[in-house]
Amino acid sequence: MPTPRIAVIGTGTIGAQTLWQLAKQGVDATGYELFSPGHSRGAAGGETRLFRHIDVEHLEYLPITDRSDVLWRELEQESGRTLRNLTGALAIGSTASPATHTALESAVLLGSRAEVLSREEAHQRFPQYRLHEDEIAILDKGAGIIFPERTVRTAADAAVARGARILRECRVTAINQVGSQVDIVADNGTERYDRVVVAAGAWTATLLPEVAPYLATRRLISSWYLPKAGNTLDGMLPYLRTEPNYSYGLPTADGLAMKLGVGFRDHLPIESPDTAPLRITDQDLEPIRAVARDLFPMLEDYPMRAQAYFEAYTHSRVEFLREHPSMPSVFVCAGFSGKGFKNAPAFGEHAARATLGLPPENESMAFILNAEPVSRPAPA
Ligand SMILES: Cc1cc2nc3c(=O)[nH]c(=O)nc-3n(C[C@H](O)[C@H](O)[C@H](O)COP(=O)(O)OP(=O)(O)OC[C@H]3O[C@@H](n4cnc5c(N)ncnc54)[C@H](O)[C@@H]3O)c2cc1C
């Protein structure tokens, strides 16, 4: 059988991993990229992402994260680049919340890879955090920081080294099923492929209008805080906290500042990153500054830097990993809902296998693949 020609639209977080996996299978694969792999204008900017095993929603993610762990190491070995710094991370939450119950169940599954800390124990070991009376912390020992721009670039480079082609600065404007094949209309003209993977992140809803009802596209703000004079971030771990508002934070690689972000409720709805406002106001910053004031009294409460990034959520928060509704040769990877980086290698592997007609590598992926996607009409 001749080798199929496969196009990957978007070589960001998921697309670059997919392209690497396709290249490993010896497939004739082409990536299309609006900018260039490793850019920070989509979902993969801001120098750090949290890698964690503890989950606050679905226990089924653990085997997917374990598989990703294996693939992260493989990519690091193949490229000779360090892509993560596994310092450990904290999951913080109220003992009364369902999210904390799920996190505690995760900790049981992790066994010696996790440690549950009372508020007092957490305060002793991590004095920079000011937990509420009803909160505990779970130390996820194999968690840590991923370097997103470096990772995307490295996966793309690894794909090219294995024979893939990447068209940089090349926007795809239309995708048309033609018989069993697909035409990709892009800045460089039209090319025909046997199969296509779309991994266009926050641009998916405008590129694939039929998928738009399943997605909520958002602008997310990251902001960086320095310690107040006389304080240090030494020994500070990345964290995730589910109440009173969802928030997370990661120390910068140089250890000089803490990057903070908040959850879906506080993200600006947008149509596309192309038209989203980039100016960040004090009103935009307030929910994140409130986290700094509440959880980290040793941090300054006004950021030294703030930046906007873009992400597609699903209404259920379960990833949209499936065939396009009317184009059977197009596989769509979208809606990673603010948590797709840590599992990007496993999702990329799945997209490549699905496109090649191979069964999922990981059976636990079934809960995502079988989930009925939730659609909502666009607001009038
Ligand atoms: C601020 C922020 C913090 C986050 N924190 C975490 C975290 O700590 N841990 C975690 O696991 N996840 C985290 N996430 C989520 C994670 O980063 C995303 O789920 C993931 O990066 C999404 O990947 P993607 O491939 O869908 O999008 P992207 O990485 O944005 O890739 C999409 C790519 O498609 C390209 N593209 C789009 N349209 C076209 C077109 N028409 N033609 C050609 N190319 C096109 C874009 O240029 C881009 O390169 C966070 C997300 C954000 C925004």
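Nine helices and 21 strands make up the secondary structure of the protein chain. With a radius of gyration of 20 Å, close to the 21 Å that the globule rule gives for 380 residues, the chain is as compact as a globular protein of that length. Keep in mind that this is a predicted model. There's also a ligand here, and the protein buries 98% of the 1000 Å² that the ligand exposes when taken alone.

**The chain overall**
- Along its principal axes, the C-alpha trace of the protein chain spans about 65 × 45 × 40 Å.
- Of the chain's 380 residues, 56% count as buried.
- UniProt, in an unreviewed entry, lists residues 5–353 as "domain: FAD dependent oxidoreductase".
- That span, residues 5–353, is 27% helix and 30% strand, and its end C-alpha atoms sit 14 Å apart.

**Around the ligand**
- There are 32 residues around the ligand, and Thr13, Glu33, His39, Leu50 and Glu311 come nearest.
- Sorted by character, the shell has 17 nonpolar residues, nine polar ones and six charged ones.
- Leu50 also makes a backbone contact: one of its polar backbone atoms is 2.7 Å from an oxygen atom of the ligand.
- Ala43 does something along those lines, with a polar backbone atom 2.8 Å from a ligand oxygen.
- For Phe341, a backbone N or O atom lies 3.0 Å from an oxygen atom of the ligand.
- As for which elements give two or more residues to the shell, they are α1 (13–24), β3 (49–51), β14 (215–225) and β19 (305–314).

**Backbone spots to look at**
- Glu243 and Pro244 are joined by a cis peptide bond, with omega at about -5 degrees.
- You'll find Pro244 in the loop between β15 (239–241) and β16 (247–251).
- Arg317 isn't a glycine, yet it has a positive phi of about 70 degrees.
- Look for Arg317 in the loop between β19 and β20 (320–323).
- Ser337 is another non-glycine residue with a positive phi, this one near 55 degrees.
- The loop that holds Ser337 runs between β21 (330–334) and α8 (344–355).

**Buried or not?**
- Is Ser337 buried or exposed? Ser337 is buried, because its relative accessible area is 6% and buried means under 20%.
- Arg317 has a relative accessible area of 22%, so it counts as partly exposed, a class that falls between the 20% cut-off for buried and the 50% one for exposed.

Conventions: Residues numbered from 1 in each chain as written. Predicted model: local features only at pLDDT ≥ 70, side-chain atom pairs only at ≥ 80, totals over all residues. Heavy atoms only, no water. UniProt positions renumbered as here; feature names shortened; annotations may be inferred. Helix = DSSP H or I, 4+ residues; strand = E, 2+ residues; numbered from the N terminus. Near = heavy atom within 4 Å. Polar contact = N/O pair within 3.5 Å; in protein donor to acceptor, adjacent residues only side chain to side chain. Areas by Shrake-Rupley, 256 points an atom, 1.4 Å probe, with all protein chains shown as cover. Nonpolar A, V, L, I, M, F, W, Y, C, P; charged D, E, K, R; others polar. Rg over C-alpha atoms; globule rule 2.2 N^0.38 Å. Buried < 20%, exposed > 50% of the residue type's maximum accessible area, 1.4 Å probe, protein only.
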